[in-house]
Amino acid sequence: MFVEDYRELRIESAEKIANRCFLFEKFVNDLLEQEPDTLHFKHSEARLAIHAHCHAKSIMNPAFMRRLAERLPGRKAIVLDTACCGMAGAFGALAEKYDLSVRVAQDLIDKLENQGSETQIIASGTSCRHQIRHLKNIRPKHMAEVLAGALLGTPNRES
């Protein structure tokens, strides 16, 4: 909204605001590229499958999300080649749109079923996580949850 809509609406200071907006995953990825020793993560052999939110795909290439996930030692990740989850905010929750929502989600659901039950699913979109949980009965996590669960703690640093 701040990056695109404010500019289109010609809201004062839109450019200044847009330049200060970023996705959580992009912020952490960029931080770790610049300062790789900032965070330390536990090793865990795990497979991660990432469903990038439509919004993220509309403004950037989500390939960096795989690199971010693979900064976690032992993890192997893929960014699923998926389209919309079908929820689109409250759209899929409307009774008259439910069947369409499920049809739109079918490609995503098929790809999730091909991942295997041991694969952790990551989806940054709130509505995406809701849709996946509803249609697949699994609990996808936000990348922030995955990163937080993998943190070792802060190393002692001299002030």
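How many helices and strands are there in the chain? There are eight helices and three strands. Helices are DSSP runs of H or I with at least four residues, strands are E runs of at least two, and both are numbered from the N terminus. The model is predicted: local features need pLDDT of at least 70, side-chain atom pairs count only at pLDDT 80 or more, and totals for chains, interfaces and linings use all residues. Residues are numbered from 1 along each chain as its sequence is written, and side-chain values use heavy atoms, with hydrogens and water left out.

Start with the overall layout. Read along the sequence, the pattern is α-α-α-β-α-α-β-α-β-α-α. The C-alpha trace spans about 60 × 50 × 20 Å along its principal axes. The chain has 159 residues, and 32% of them are buried. Buried means under 20% relative accessible area, exposed means over 50%, and partly exposed lies in between, with a 1.4 Å probe and protein chains only. Contacts, meaning heavy atoms within 4.5 Å, often link distant parts of the sequence. Among contacts between residues at least 6 apart in sequence, 64% join residues at least 24 apart.

Begin at the N-terminal end. Ser13 sits in the loop between α1 (5-8) and α2 (14-18). Its phi is positive, about 65 degrees, although Ser13 is not a glycine. Most residues other than glycine have a negative phi. Ser13 counts as partly exposed, because its relative accessibility is 41%.

The next loop, between α2 and α3, holds Cys21. Cys21 has 30% relative accessibility, so it counts as partly exposed. Leaving aside neighbours within four places in sequence, Cys21 is in contact with Phe2 and Val3. Arg71 is 50 residues from Cys21 in sequence, and their C-alpha atoms are 23 Å apart.

Cys21, Phe2 and Val3 also help line the largest pocket. The rest of the lining is Met1, Phe22, Leu23, His55, Ile59 and Met60. By class, the lining has eight nonpolar, one polar and no charged residues. Here Ala, Val, Leu, Ile, Met, Phe, Trp, Tyr, Cys and Pro count as nonpolar, Asp, Glu, Lys and Arg as charged, and the others, Gly among them, as polar. About 170 Å³ of space lies in this pocket. A pocket is an open set of points on a 1 Å grid over the protein atoms alone, where a 1.4 Å probe fits, with protein on both sides within 12 Å along at least five of seven lines; lining residues have an atom within 4 Å of a point. The volume is the space filled by probe spheres set on the points, which are joined across faces, edges and corners.

Now to a helix pair. Helix α3 (residues 24-34) packs with helix α8 (residues 143-150) at an angle of about 40 degrees, and their axes are 10 Å apart. That makes α3 oblique to α8. Angles under 35 degrees count as roughly parallel, over 145 as roughly antiparallel, 65 to 115 as roughly perpendicular, and the rest as oblique. Axes are lines fitted to C-alpha atoms, for helices over the stretch in contact, and angles run from 0 to 180 degrees between N-to-C directions. From α3, the contact uses Phe24, Glu25 and Val28; from α8, Met143, Ala144 and Leu147. By class, five of these residues are nonpolar, none polar and one charged.

Which residues of α7 are buried? They are Ser127, Cys128, Arg129, Gln131 and Ile132. Their cover includes β1 (46-51), α6 (98-113) and β3 (120-123). Gln131 counts as buried because its relative accessibility is 1%. Not counting residues up to four places away in sequence, Gln131 touches Cys85, Gly86, Met87, Ser101, Val102 and Ala105.

Asn137 lies in the loop between α7 (126-136) and α8. Asn137 has a positive phi of about 55 degrees and is not a glycine. At 69% relative accessibility, Asn137 counts as exposed.

Last comes Pro73, in the loop between α5 (63-69) and β2 (75-79). Pro73 is partly exposed, with a relative accessible area of 29%. Beyond residues up to four places away in sequence, Pro73 touches Phe41, Lys42, His43 and Ser44. Pro73 and Asn137 are 64 residues apart along the chain, and 28 Å separates their C-alpha atoms.
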